[in-house]
Amino acid sequence: MWFLYLLFLIFLSWVYIKLTSGICKSGQHLVGKVVIVTGANSGIGFETAKNLAERGARVILACRDERRGVTAKDQIITATGNPDVHYLHLDLACFKSVRRFAMNINTTQERLDILINNAAIYGSTLIKTEDGLLLGMQVNHFGPFLLTCLLLPKLKSSAPSRIINVASMGHHQGCFDLNNLNGEKETDKTVNVRKMYYASKLCNILMTVELDRRLKGTGVTANSLHPGCVDTGIITTIPVVKHVLFIVRVFCKNPWEGAQTTVHLAVAPELAATSGRYFQDCCEAKPSRTAQDLELARELWEVSEKIVQIK
Ligand SMILES: NC(=O)c1ccc[n+]([C@@H]2O[C@H](COP(=O)([O-])OP(=O)(O)OC[C@H]3O[C@@H](n4cnc5c(N)ncnc54)[C@H](OP(=O)(O)O)[C@@H]3O)[C@@H](O)[C@H]2O)c1
């Protein structure tokens, strides 16, 4: 009997998740617009890129693996009938790659209307990149930070344009020490992967807040979002989740549903002037108090500039 009761509860939760999952209602076309989606070969990024290609945009899939990137490009072209979809190599864990990618875009594309910083990883301990940074922090924060800075002139000259940063509600548990952003003080014993992921997602929102301040009057907007709990590759790398995946999946959105808030921020005409905000289920939501700290956002920007050596 208790088993039937449990099944019924699971069913009710599933119905609730489906009914409250925000859907982008805008039919806005994007013909003539140029969009970059990082991590577009799978999960939320793939569905986002497909949706924007369906709307007629030129979509550049910025992915680290050529085979996965080209496969995704072919699938999107077949599904949407839009041939203007391209794979371009980008490894956010390598500043040289980020600089090469940005230079390529800045020299080959006349405009850039929408930049979607979507790519991220969850699981990485004290692995250091060739730039000497913690892998998780570089892929999730420093790489997207450098990319955004290098593409700002193009975004400004194409205004009105939009920057969308895919964060996570996990940022509520995020905190970091500005003097230890690269985890120099951590050891194999003290490092906490979950803490590092949440800290990087908090950085995504603070970067958005500072972008908004710096971009006032330029016609470039920046917003961040939580996509929901989505059944993608990233959740399979979370140790606790990995063992109970079959049950977690029941409570997850599918990748199409997970992409809706990103697409909404990218296309909704009513958001043309909205900037510096945080969204969830296609509605504005309240981020943590730390994520709204203007002074911390400014300081994080300045420390990040030094670390990526852009100044
Ligand atoms: N799924 C969720 O429940 C959830 C919840 C909250 C927030 N998010 C956020 O949603 C975003 C998308 O994640 P997802 O759920 O769609 O997971 P996913 O399917 O694992 O997608 C992550 C993407 O990032 C790419 N990536 C990883 N390392 C990279 C690097 N060094 N350079 C360039 N690209 C790299 C991956 O490429 P490869 O295929 O080559 O690894 C993949 O395409 C992330 O920002 C994540 O933090 C997801």
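These legends describe five close-up views of a predicted model. Residues are numbered from 1 along each chain as its sequence is written. Local features need pLDDT of at least 70, side-chain atom pairs count only at pLDDT 80 or more, and totals for chains, interfaces and linings use all residues.

**View 1. An open sheet of 8 strands.** The strand order is 3-2-1-4-5-6-7-8, and the pairing is mixed. Helices (H or I, at least four residues) and strands (E, at least two) are DSSP runs, numbered from the N terminus. Two strands pair if DSSP finds at least two bridges between them. Strand 3 (85-89) and strand 8 (283-285) each have a single partner strand, so one side of each is left without a neighbour in the sheet. On average, neighbouring strands are turned by 25° against each other, direction ignored. Angles here run from 0 to 180 degrees between N-to-C directions, with axes fitted as lines to C-alpha atoms, for helices over the stretch in contact.

**View 2. Strands 1 and 4, side by side in the sheet order.** Strand 1 (residues 34-38) and strand 4 (residues 114-117) run parallel and are joined by 3 bridges. Look for I36: its bridge partner in strand 4 is L115. Helix 2 (residues 43-54) packs on the sheet and makes about 170° with the direction of strand 1. Among the strands it touches are strand 2 (58-63) and strand 5 (161-166). Contact means that C-beta atoms, placed from the backbone, lie within 7 Å.

**View 3. Helix 5 across the strands.** Helix 5 (residues 135-157) lies across strand 1, strand 4, strand 5 and strand 6 (220-226). Helix 5 runs at about 175° to strand 4.

**View 4. The nonpolar core around V59.** The largest nonpolar core has 80 residues. Such a core is a set of buried Ala, Val, Leu, Ile, Met, Phe, Trp, Tyr and Cys residues joined through C-beta atoms within 7 Å. V35, V59 and L61 touch the most other members. Helix 6 (residues 193-214) gives the most to this core, with 11 residues. Leaving aside neighbours within four places in sequence, V59 is in contact with V35, V37, A49, L52, A53 and V85.

**View 5. Helix 10 under cover.** In helix 10 (residues 260-267), 8 of 8 residues are buried. Buried means that 20 or more other C-beta atoms, placed from the backbone, lie within 10 Å of a residue's own. H264 is one of the buried residues. The cover includes helix 2, helix 9 (255-258) and strand 7 (278-280).

Terms used: Two residues are in contact if their C-beta atoms, placed from the backbone, lie within 7 Å. A residue is buried if 20 or more other C-beta atoms lie within 10 Å of its own, exposed if 12 or fewer, and partly exposed in between; C-beta atoms are placed from the backbone.
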